Amino acid sequence: MQSGREKAYAYLKDSVLTDPEMQNRFLSEQEIADRIGVSRTPIREALLLLAAEDLVRLVPKRGAHIAPLSGREIGELMEMRGLIERFAAERTTGRGTAPVEEMAEILAEQDALRGEDTVNDFIAADHRFHAALVAAVGNSLMSRQYDALRSRQIRAGMSAPYRSGIRQDEVLAEHRQILDGLVAGDAAAACAAIDSHIQATQRILLAA
(Lines give C-alpha, C1' and ligand atoms only; values in the text may rest on other atoms or scores of the structure.)
Protein backbone atom coordinates (compact mmCIF):
# COMPACT_ATOMS: atom_id res chain seq x y z
CA MET A 1 0.00 0.00 0.00
CA GLN A 2 1.27 3.47 -0.88
CA SER A 3 2.03 5.88 1.92
CA GLY A 4 0.40 9.30 1.89
CA ARG A 5 3.64 10.86 0.68
CA GLU A 6 4.03 8.32 -2.13
CA LYS A 7 0.43 8.85 -3.20
CA ALA A 8 0.87 12.62 -3.18
CA TYR A 9 4.18 12.43 -5.04
CA ALA A 10 2.74 10.20 -7.79
CA TYR A 11 -0.34 12.39 -8.19
CA LEU A 12 1.65 15.62 -8.35
CA LYS A 13 4.22 14.24 -10.79
CA ASP A 14 1.87 12.32 -13.09
CA SER A 15 -1.24 14.51 -13.02
CA VAL A 16 -0.44 18.03 -11.84
CA LEU A 17 2.98 18.66 -13.39
CA THR A 18 1.86 17.18 -16.70
CA ASP A 19 -1.22 19.44 -16.90
CA PRO A 20 -0.46 22.36 -19.25
CA GLU A 21 -3.02 24.52 -17.43
CA MET A 22 -0.95 24.29 -14.24
CA GLN A 23 2.10 25.95 -15.81
CA ASN A 24 3.22 29.14 -14.05
CA ARG A 25 0.79 28.59 -11.19
CA PHE A 26 1.18 28.19 -7.45
CA LEU A 27 -0.14 24.96 -5.96
CA SER A 28 -2.66 24.85 -3.13
CA GLU A 29 -1.61 22.21 -0.63
CA GLN A 30 -5.12 22.03 0.83
CA GLU A 31 -6.80 21.68 -2.55
CA ILE A 32 -4.50 18.83 -3.55
CA ALA A 33 -4.90 17.17 -0.15
CA ASP A 34 -8.69 17.30 -0.47
CA ARG A 35 -8.54 15.95 -4.02
CA ILE A 36 -6.57 12.80 -3.19
CA GLY A 37 -7.77 12.29 0.37
CA VAL A 38 -4.65 12.85 2.46
CA SER A 39 -3.54 15.47 4.98
CA ARG A 40 -1.38 18.46 4.04
CA THR A 41 1.73 16.91 5.62
CA PRO A 42 2.35 14.28 2.91
CA ILE A 43 1.60 16.93 0.28
CA ARG A 44 4.29 19.13 1.77
CA GLU A 45 6.72 16.19 1.93
CA ALA A 46 6.02 15.31 -1.71
CA LEU A 47 6.60 18.92 -2.76
CA LEU A 48 9.97 18.89 -1.02
CA LEU A 49 10.93 15.82 -3.05
CA LEU A 50 9.80 17.48 -6.27
CA ALA A 51 11.71 20.63 -5.39
CA ALA A 52 14.85 18.52 -4.87
CA GLU A 53 14.31 17.19 -8.42
CA ASP A 54 13.93 20.78 -9.64
CA LEU A 55 10.37 20.11 -10.82
CA VAL A 56 8.77 22.79 -8.63
CA ARG A 57 10.14 25.92 -6.99
CA LEU A 58 9.32 26.59 -3.33
CA VAL A 59 8.71 30.29 -2.75
CA PRO A 60 8.62 31.52 0.88
CA LYS A 61 5.11 32.57 1.99
CA ARG A 62 3.65 31.66 -1.39
CA GLY A 63 4.15 27.93 -1.78
CA ALA A 64 5.17 25.67 -4.65
CA HIS A 65 5.38 27.22 -8.08
CA ILE A 66 5.41 25.34 -11.39
CA ALA A 67 7.71 27.54 -13.42
CA PRO A 68 7.94 27.17 -17.22
CA LEU A 69 11.33 26.02 -18.45
CA SER A 70 13.70 28.64 -19.81
CA GLY A 71 15.28 28.38 -23.24
CA ARG A 72 18.53 27.22 -21.65
CA GLU A 73 16.73 24.53 -19.68
CA ILE A 74 14.92 23.31 -22.80
CA GLY A 75 18.27 23.07 -24.59
CA GLU A 76 19.79 21.10 -21.73
CA LEU A 77 16.76 18.81 -21.61
CA MET A 78 16.95 18.01 -25.31
CA GLU A 79 20.71 17.50 -25.06
CA MET A 80 20.21 14.94 -22.29
CA ARG A 81 17.51 13.17 -24.28
CA GLY A 82 19.82 12.98 -27.27
CA LEU A 83 22.69 11.53 -25.25
CA ILE A 84 20.55 8.78 -23.74
CA GLU A 85 18.63 7.88 -26.88
CA ARG A 86 21.70 7.78 -29.13
CA PHE A 87 23.50 5.57 -26.62
CA ALA A 88 20.47 3.26 -26.51
CA ALA A 89 20.34 3.06 -30.31
CA GLU A 90 24.06 2.27 -30.57
CA ARG A 91 24.03 -0.27 -27.74
CA THR A 92 20.92 -2.17 -28.82
CA THR A 93 21.80 -2.32 -32.52
CA GLY A 94 25.26 -3.53 -31.57
CA ARG A 95 23.73 -6.33 -29.55
CA GLY A 96 20.85 -6.99 -31.91
CA THR A 97 18.42 -6.28 -29.07
CA ALA A 98 16.62 -3.18 -30.36
CA PRO A 99 12.91 -3.60 -29.43
CA VAL A 100 11.70 -3.05 -32.99
CA GLU A 101 8.49 -5.07 -32.66
CA GLU A 102 7.42 -3.26 -29.49
CA MET A 103 8.27 0.12 -30.98
CA ALA A 104 6.39 -0.71 -34.18
CA GLU A 105 3.30 -1.61 -32.13
CA ILE A 106 3.52 1.65 -30.18
CA LEU A 107 3.96 3.60 -33.41
CA ALA A 108 0.85 1.98 -34.90
CA GLU A 109 -1.07 2.87 -31.73
CA GLN A 110 0.20 6.44 -31.88
CA ASP A 111 -0.84 6.72 -35.53
CA ALA A 112 -4.40 5.87 -34.49
CA LEU A 113 -4.34 8.61 -31.82
CA ARG A 114 -4.02 11.56 -34.16
CA GLY A 115 -6.38 14.42 -33.34
CA GLU A 116 -6.81 17.13 -30.73
CA ASP A 117 -9.18 15.05 -28.57
CA THR A 118 -6.51 12.38 -28.00
CA VAL A 119 -3.44 14.60 -27.70
CA ASN A 120 -2.58 13.44 -24.17
CA ASP A 121 -2.71 9.80 -25.26
CA PHE A 122 -0.63 10.70 -28.34
CA ILE A 123 2.03 12.27 -26.10
CA ALA A 124 1.97 9.28 -23.73
CA ALA A 125 2.54 6.95 -26.70
CA ASP A 126 5.35 9.23 -27.85
CA HIS A 127 7.12 8.78 -24.52
CA ARG A 128 6.60 5.01 -24.54
CA PHE A 129 8.08 4.77 -28.03
CA HIS A 130 11.36 6.32 -26.90
CA ALA A 131 11.32 4.75 -23.43
CA ALA A 132 11.06 1.27 -24.97
CA LEU A 133 14.37 1.83 -26.75
CA VAL A 134 16.05 3.10 -23.59
CA ALA A 135 14.66 0.22 -21.51
CA ALA A 136 16.12 -2.29 -23.98
CA VAL A 137 19.63 -1.29 -22.87
CA GLY A 138 18.90 -3.05 -19.59
CA ASN A 139 20.26 -0.25 -17.38
CA SER A 140 17.59 0.47 -14.76
CA LEU A 141 19.29 3.65 -13.55
CA MET A 142 19.34 5.03 -17.08
CA SER A 143 15.67 4.17 -17.55
CA ARG A 144 14.72 5.95 -14.33
CA GLN A 145 16.69 9.03 -15.32
CA TYR A 146 15.05 9.03 -18.74
CA ASP A 147 11.55 8.69 -17.25
CA ALA A 148 12.34 11.63 -14.96
CA LEU A 149 12.77 13.82 -18.03
CA ARG A 150 9.10 13.39 -19.00
CA SER A 151 7.69 15.88 -16.50
CA ARG A 152 10.23 18.46 -17.63
CA GLN A 153 9.20 17.94 -21.24
CA ILE A 154 5.57 18.55 -20.35
CA ARG A 155 6.61 21.63 -18.39
CA ALA A 156 8.44 22.82 -21.49
CA GLY A 157 5.07 23.08 -23.22
CA MET A 158 5.26 19.95 -25.33
CA SER A 159 1.49 19.47 -25.44
CA ALA A 160 0.85 22.73 -27.32
CA PRO A 161 2.60 21.88 -30.63
CA TYR A 162 1.32 18.31 -30.46
CA ARG A 163 -2.23 19.61 -30.78
CA SER A 164 -1.38 20.48 -34.38
CA GLY A 165 -2.24 17.78 -36.89
CA ILE A 166 0.75 18.87 -38.95
CA ARG A 167 3.17 18.30 -36.05
CA GLN A 168 1.56 14.98 -35.21
CA ASP A 169 2.17 13.79 -38.78
CA GLU A 170 5.76 15.04 -38.60
CA VAL A 171 6.34 13.21 -35.32
CA LEU A 172 5.04 9.97 -36.78
CA ALA A 173 7.31 10.34 -39.82
CA GLU A 174 10.30 11.09 -37.57
CA HIS A 175 9.52 8.03 -35.44
CA ARG A 176 9.34 5.86 -38.57
CA GLN A 177 12.81 7.03 -39.58
CA ILE A 178 14.19 6.06 -36.16
CA LEU A 179 12.50 2.68 -36.38
CA ASP A 180 13.73 2.10 -39.93
CA GLY A 181 17.31 2.63 -38.80
CA LEU A 182 16.88 0.19 -35.92
CA VAL A 183 15.21 -2.44 -38.11
CA ALA A 184 18.12 -2.19 -40.57
CA GLY A 185 20.60 -2.52 -37.71
CA ASP A 186 22.07 0.82 -38.82
CA ALA A 187 23.04 2.66 -35.64
CA ALA A 188 24.29 5.71 -37.53
CA ALA A 189 20.97 6.11 -39.38
CA ALA A 190 18.98 5.62 -36.18
CA CYS A 191 21.11 8.19 -34.33
CA ALA A 192 20.78 10.68 -37.18
CA ALA A 193 17.00 10.24 -37.10
CA ILE A 194 16.99 10.71 -33.32
CA ASP A 195 19.00 13.92 -33.66
CA SER A 196 16.67 15.24 -36.37
CA HIS A 197 13.60 14.44 -34.27
CA ILE A 198 14.97 16.08 -31.12
CA GLN A 199 16.17 19.14 -33.00
CA ALA A 200 12.73 19.61 -34.56
CA THR A 201 11.10 19.30 -31.13
CA GLN A 202 13.53 21.79 -29.61
CA ARG A 203 12.94 24.36 -32.37
CA ILE A 204 9.19 24.18 -31.85
CA LEU A 205 9.41 24.43 -28.07
CA LEU A 206 11.74 27.42 -28.24
CA ALA A 207 9.43 29.14 -30.74
CA ALA A 208 6.32 28.59 -28.60
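Start by selecting Glu174, which sits in helix α9, residues 165-183. Before you zoom in, keep in mind that this is a predicted model. Is Glu174 buried or exposed? It counts as buried, because its relative accessibility is 11% and the cut-off for buried is under 20%.

Now show the side chains of Glu174 and His197: a polar contact of 2.5 Å joins the two. To see what else touches Glu174, hide its neighbours within four places in sequence; the residues in contact with it are then Arg167, His197 and Ala200. So His197 turns up twice on this stop, once in the polar contact and once in the contact list.

Next, jump to helix α6 by selecting residues 119-135. Put a distance between the first C-alpha and the last, and you get a reach of 24 Å over 17 residues. That is close to the 24 Å expected at 1.5 Å a residue.

Keep α6 selected and colour it by accessibility. How many of its 17 residues are buried? The count is 12, leaving the helix mostly covered. Click through the buried ones: the aromatic-ring names to pick are Phe122 and Phe129, and the list also includes Val119, Ile123, Leu133 and Val134. Look too for Asp126, His127 and His130, which are buried as well. Ala125, Ala131 and Ala132 complete the set.

Then head to helix α1, residues 4-16. Select Ala8, Tyr11, Leu12, Lys13 and Val16, the buried residues of this helix. What covers them? Switch on α2 (29-36), α3 (40-52) and α7 (140-155), which are among the elements doing the covering.

Time to zoom out and show the whole chain as a cartoon. You should find 10 helices and 2 strands. Follow the chain along the sequence and the pattern reads α-α-α-β-β-α-α-α-α-α-α-α, with both strands coming after the third helix.

With everything in view, draw a box along the principal axes: the C-alpha atoms fill roughly 55 × 35 × 30 Å. The radius of gyration is 18 Å, which agrees with the value near 17 Å that a compact globule of 208 residues would have.

Finally, turn on the surface. Its accessible area comes to about 10,600 Å², and 50% of that belongs to carbon and sulfur atoms. Under the surface, 45% of the 208 residues count as buried. If you draw a contact map as a last stop, look away from the diagonal: among contacts between residues at least 6 apart in sequence, 73% join residues at least 24 apart.

Conventions. Residues numbered from 1 in each chain as written. Predicted model: local features only at pLDDT ≥ 70, side-chain atom pairs only at ≥ 80, totals over all residues. Heavy atoms only, no water. Helix = DSSP H or I, 4+ residues; strand = E, 2+ residues; numbered from the N terminus. Buried < 20%, exposed > 50% of the residue type's maximum accessible area, 1.4 Å probe, protein only. Polar contact = N/O pair within 3.5 Å; in protein donor to acceptor, adjacent residues only side chain to side chain. Contact = heavy atoms within 4.5 Å. Expected span 1.5 Å × (residues − 1). Rg over C-alpha atoms; globule rule 2.2 N^0.38 Å. Areas by Shrake-Rupley, 256 points an atom, 1.4 Å probe, with all protein chains shown as cover.
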